[in-house]
Amino acid sequence: MPMNIGATTSDTSSVTSAVQQAPGLGKDDFLKLLVGQLRNQNPMDPTGSQDFIQQMTMFSTLEQVTNMAAAGQRTEGALATQQAVDLIGRNVTYVKADGLTAQGVVERVSFADGIAQLTIGGETGIEPGAVTEVS
């Protein structure tokens, strides 16, 4: 997407709008745009302090949302791990890879690439999402 990064006051809003609309732009992209805008601004018509503060606020908000998303992912992973570990010793019903259901006791939980795998009744590699009932 071609974009003029020249930072006259009139096109500050167009850069801001482009950043808001482009779902692929992250905080690093936004910071690059902001630095490029400051570097290329017209000295006779610099970006107003209000525009600059607005952009810095947007950057700060974007950074905080990114941090919150990362924290949410870590929490989700910890919760999934805890839920899998809590199944140890429990009798479960699960759907096998062939689509048939089976029952057994969860004997252990192992992790491959951060993903929990259950061992149920001697059968390994069962994903916790395949469990349909816990008793």
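## Inside and outside of a predicted model

Thr119 is tucked away: with a relative accessible area of 6%, this residue counts as buried, since buried means under 20%. Keep in mind that we're looking at a predicted model here. Thr119 lies in strand β3. Leaving out residues up to four places away in sequence, Thr119 touches Val105, Val106, Glu107, Arg108 and Thr124.

Now for Leu118. With the same kind of neighbours left out, those up to four places away in sequence, Leu118 touches Ala84, Leu87, Val106, Arg108, Val109, Glu123, Thr124, Gly125, Ile126, Pro128 and Val131. Leu118 also belongs to the largest nonpolar core, a set of 13 residues. Val92, Tyr94, Leu118 and Ile120 are the ones with the most contacts inside that core. Three elements give two or more residues to this core: β1 (91–95), β2 (101–112) and β3 (115–120).

What about the outside? Ile53 sits in helix α3. Ile53 counts as exposed because its relative accessibility is 52%, and the cut-off for exposed is over 50%.

Here are the two residues side by side:

| Residue | Element | Relative accessible area | Class |
|---|---|---|---|
| Thr119 | strand β3 | 6% | buried |
| Ile53 | helix α3 | 52% | exposed |

Which residues join Ile53 in the nonpolar patch on the surface? Leu38, Phe52 and Met56 do, and the four together have about 320 Å² of accessible area. Helix α3 (residues 49–86) supplies the largest share of the patch, with three residues.

Conventions: Residues numbered from 1 in each chain as written. Predicted model: local features only at pLDDT ≥ 70, side-chain atom pairs only at ≥ 80, totals over all residues. Heavy atoms only, no water. Patch = residues over 30% accessible without salt bridge, like charges linked within 9 Å, V, L, I, M, F, W, Y side chains within 5 Å. Areas by Shrake-Rupley, 256 points an atom, 1.4 Å probe, with all protein chains shown as cover. Salt bridge = Lys/Arg side-chain N within 4 Å of Asp/Glu carboxyl O. Helix = DSSP H or I, 4+ residues; strand = E, 2+ residues; numbered from the N terminus. Buried < 20%, exposed > 50% of the residue type's maximum accessible area, 1.4 Å probe, protein only. Core = buried A, V, L, I, M, F, W, Y, C linked by side-chain atoms within 4.5 Å. Contact = heavy atoms within 4.5 Å.
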